[in-house]
Amino acid sequence: MFIRLSRKTLLVFAAAAVLAAGGIYAVSSCGMRAVNVENSLENSIINWVDFNVSYEAMADAMKADIDSYGTDAHCSWTELLAYLAALNGNDFSSYKSSDLDKVTERLESGETMDEIAGDMKYYDYYKKAFAAALGGFIGEYTVQTESEDTVVWEKRYGLKVFCPIAEGFSFEHYDDFANARTYGYARRHMGHDLFGSIGTPVVAIESGIIECVGWNRYGGWRIGIRSFDRKRYYYYAHLRKDHPYTPIVKEGAEVMAGDVIGYLGMTGYSETENVNNINVPHLHMGIELVFDESQKESDSEIWIDCYDIAKLLMNNRCAVVKNENTGEYERRYGFYERVPGE
């Protein structure tokens with residue numbers, strides 16, 4: 001028998017650890033751990049990130065970034081969020097849009113973000129942490145559009161990442177990060193589950209390089225994709241039995257945000273490949289932050305709560321069509337973004 005603990009209960013336990021350690025807590029692949037803030041800031045490598053930025057704060061900061069693009073007062077949404085985190089002690093539960101408005105007004109008056117942040121404690125830390133978590137989400141990209149039956153390529157600036165569930169397919173979700181799991185060993189859920197129907201097309205959230213494909217006893221048929229800047233590792237698990245992937249999925253291949261990479265299923269929890277041992281069809285979506293390669297595939301992995309990120313991504317869902325010749329789903333409109341090194 002085991003007791004399923006809610007995230008709020010886990011946070012209470014974590015708070016006790018904070019008081020005992022005189023620091024702040026982080027969630028890694030090996031569970032909760034107490035971390036001293038001062039010691040962490042002295043390290044050259046960030047080894048913890050408590051990402052709890054609310055959807056509302058992200059949406060407002062994103063709008064401020066996009067609206068100011070091309071002006072002298074252009075503001076980075078990750079820097080705005082870093083300022084808010086430093087201002088409120090990384091507690092976004094009482095976020096007020098007026099705090100963000102004050103910053104953008106000062107930027108419009110000619111001040112820089114560094115001048116506004118001044119010597120705010122932990123601003124530099126949050127600036128680096130949030131840039132790693134969200135750095136590839138907003139930018140320039142080119143997308144196909146239709147105008148009077150003519151296909152054209154249009155340059156844009158804005159949200160260039162997609163919800164992992166394709167447009168037109170329903171799903172449900174709730175904040176289940178750090179909930180208890182017992183298969184194999186007692187551990188915490190280091191991801192976010194999106195519940196839908198078997199066969200629902202799954203798309204790449206962000207452009208990047210496929211680092212792993214195949215079977216994992218916990219995740220079943222899964223895919224791991226690293227962002228081009230190598231800061232984010234996206235993990236998609238429990239893909240469909242018998243036909244988990246689309247033909248474009250191969251280790252080392254590049255994919256663009258919105259490319260259909262596989263299909264939602266319920267595989268996993270088995271040493272034997274191609275077994276449905278998950279009770280409810282869903283996509284496990286995980287985001288790992290990598291500040292140094294030594295953190296990858298280690299006890300120091302940094303997985304973040306991406307529930308509010310998933311809510312943000314619902315604002316950008318990729319249209320797909322079924323190829324009647326192959327039976328595979330494909331993106332409807334072409335998408336291209338500038339890749340580092342081009």
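These legends go with close-up views of charged side chains in a predicted model.

**View 1. Asp99 and Lys96 pair up in a salt bridge.**
Here the side chains of Asp99 and Lys96 come together, with 3.6 Å from N to O. The two partners don't share a burial class: Asp99 has 17% relative accessibility, so it falls under the 20% cut-off and counts as buried. Lys96, at 45%, counts as partly exposed. If you're tallying ion pairs over the model, the count comes to 17 salt bridges.

**View 2. Arg232 meets Glu206 in a salt bridge.**
The N to O distance for this pair is 2.8 Å. Arg232 sits in strand E11, which covers residues 232-237, while Glu206 belongs to the loop between strand E8 (201-203) and strand E9 (208-216), so the salt bridge ties together parts that are 26 residues apart in sequence. Buried or exposed, these two? Both Arg232 and Glu206 are buried.

**View 3. Arg230 and Glu293 form a salt bridge between two loops.**
Their side chains meet at 3.6 Å, N to O. This one links distant parts of the chain, with the partners 63 residues apart. Arg230 is in the loop between strand E10 (220-227) and E11, and Glu293 is in the loop between strand E14 (282-289) and strand E15 (302-303). Arg230 has 37% relative accessibility and so counts as partly exposed; Glu293, at 41%, also counts as partly exposed. Which residues make up the network around this pair? Salt bridges with shared partners join Arg230 and Glu293 to Glu211 and Arg226 in one network.

**View 4. Lys296 is a buried lysine in the loop between E14 and E15.**
With 12% relative accessibility, Lys296 is under the 20% cut-off and therefore counts as buried. The side chain of Lys296 makes a polar contact of 3.3 Å with the side chain of Glu297. What else does Lys296 touch, once neighbours within four places in sequence are set aside? The contacts are Glu211, Arg226, Tyr233, Glu288 and Val290. Look for Glu211 and Arg226 in that list: they are in contact with Lys296, and they also belong to the salt-bridge network with Arg230 and Glu293. Glu293 can be found in the loop between E14 and E15, which is where Lys296 lies too.

How values were computed
Residues numbered from 1 in each chain as written. Predicted model: local features only at pLDDT ≥ 70, side-chain atom pairs only at ≥ 80, totals over all residues. Heavy atoms only, no water. Salt bridge = Lys/Arg side-chain N within 4 Å of Asp/Glu carboxyl O. Buried < 20%, exposed > 50% of the residue type's maximum accessible area, 1.4 Å probe, protein only. Helix = DSSP H or I, 4+ residues; strand = E, 2+ residues; numbered from the N terminus. Polar contact = N/O pair within 3.5 Å; in protein donor to acceptor, adjacent residues only side chain to side chain. Contact = heavy atoms within 4.5 Å.
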